[in-house]
Amino acid sequence: MSDDPTIFEQIVAGDIPARIVYETDTVAAFLDANPLAPGHTLVVPKEAYERLDELPEDVAADVWAAVQELTPRIESAVDADASNVGVNNGSAAGQEVPHVHVHIVPRFEGDGGRP
Ligand code: 5GP
């Protein structure tokens, strides 16, 4: 695996601009650059781990706490009715950035879409 910083590490470091919406010592969240819906947010551990199973337990807990806290806040901010919350875990599953990230995609009654 490459030692180059991932795109998301560069965002966390402030080297690539992004709309950061949440930050703790271990976790950051920012708006997706190509949103599937208004408010589409990515929650990431600040340190890069490629796959879910590589996340230390405490970091995984921090990521999930952020997801739980942010999901209703995002829904409220964009007046959504629900959300898809998910992880593409591995390239065959559609993971493009090799740095664990949880998608929060707001959904709206009748939007007819798929995540
Ligand atoms: P994946 O397919 O790996 O689960 O999702 C990667 C997500 O990262 C995509 O939704 C894509 O739009 C988003 N993304 C890729 N590059 C950037 C970037 O430089 N900035 C932001 N904010 N999002 C990005």
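This tour moves through a predicted model, one selection at a time.

**The hairpin of strands 1 and 2**

Begin by selecting residues 20–23, which form strand 1, together with residues 27–31, which form strand 2; the two run antiparallel and are joined by three bridges. Three residues make up the hairpin connection from strand 1 to strand 2. For a single pair to display, choose Tyr22 and its bridge partner in strand 2, Ala29.

Keep Ala29 selected, for it leads on to the next strand. Its bridge partner in strand 3 is Val43. Strand 2 and strand 3 are paired in the antiparallel sense, with five bridges between them.

**Strand 3**

Now select residues 41–45, the extent of strand 3. This strand is mostly covered, with five of its five residues buried. Show the side chains to see how they divide: Thr41, Val43 and Pro45 point one way, whereas Leu42 and Val44 point the other way, and all are buried.

On its pairing with strand 5, strand 3 is again antiparallel, here over three bridges. Two pairs may be picked out: Thr41 has Ile104 as its bridge partner in strand 5, and Val43 has Val102.

**Val43**

Centre the view on Val43, a residue of strand 3. Is Val43 buried or exposed? Val43 has 26 other C-beta atoms within 10 Å, and a residue needs 20 or more to be called buried, so Val43 is buried.

Next, display the contacts of Val43, leaving aside its neighbours within four places in sequence. They include Val27 and Ala29, then Val63, Ala66, Val67 and Leu70, and finally His101, Val102 and Ile104. A C-alpha to C-alpha distance can be drawn from Val43 to His101: it is 5.4 Å, although the two are 58 residues apart in sequence.

**Strands 4 and 5**

Extend the selection to residues 82–86 for strand 4 and 102–107 for strand 5. These strands run antiparallel and are joined by five bridges. One pair to display is Gly86 with its bridge partner in strand 5, His103.

**Helix 2**

Select residues 57–78, the 22 residues of helix 2. At 1.5 Å a residue the helix should span 32 Å, and its end C-alpha atoms are 31 Å apart, which agrees. Where does the kink in helix 2 lie? It lies at Leu70, shortly before the proline Pro72, and amounts to about 30 degrees.

Colour the buried residues of the helix: Val63, Ala66, Val67, Leu70 and Ile74. Their spacing can be read against helical geometry. An α-helix has 3.6 residues a turn, so residues three or four places apart point the same way. The buried residues of helix 2 pack against strand 1, strand 2, strand 3, strand 4 and strand 5. Among these buried residues, Val63, Ala66, Val67 and Leu70 also appear in the contacts of Val43.

**Asp79**

Step to Asp79, which follows helix 2 and belongs to the loop between helix 2 and strand 4. Asp79 has 10 C-beta neighbours inside 10 Å and therefore counts as exposed, the limit being 12 or fewer. Inspect its backbone as well: Asp79 is not a glycine, yet its phi is positive, at about 60 degrees. Most residues other than glycine have a negative phi.

**Glu54**

Turn to the loop between strand 3 and helix 2 and select Glu54. This residue counts as exposed because it has 12 C-beta neighbours inside 10 Å. From Glu54 to Val97 the C-alpha to C-alpha distance is 15 Å, and the two are 43 residues apart in sequence.

**The ligand and Ala33**

Finally, select the ligand and the 14 residues around it; Ala33, Asn34, Asn88, Glu96 and Val97 come nearest. Which classes make up the shell around the ligand? Eight of its residues are nonpolar, four are polar and two are charged.

End on Ala33, in the loop between strand 2 and strand 3. With 13 C-beta neighbours inside 10 Å, Ala33 counts as partly exposed. A last distance, C-alpha to C-alpha, connects Ala33 with Asp79: 20 Å in space, with their positions 46 residues apart in sequence numbering.

Conventions
Residues are numbered from 1 along each chain as its sequence is written. This is a predicted model: local features need pLDDT of at least 70, side-chain atom pairs count only at pLDDT 80 or more; totals for chains, interfaces and linings use all residues. A residue is near a molecule or strand if its C-beta atom, placed from the backbone, lies within 6 Å of it. Ala, Val, Leu, Ile, Met, Phe, Trp, Tyr, Cys and Pro count as nonpolar, Asp, Glu, Lys and Arg as charged, and the others, Gly among them, as polar. Two strands pair if DSSP finds at least two bridges between them. Helices (H or I, at least four residues) and strands (E, at least two) are DSSP runs, numbered from the N terminus. The expected span of a helix is 1.5 Å times one less than its number of residues. The bend at a residue is the angle between axes fitted to the seven residues ending there and the seven starting there. Two residues are in contact if their C-beta atoms, placed from the backbone, lie within 7 Å.
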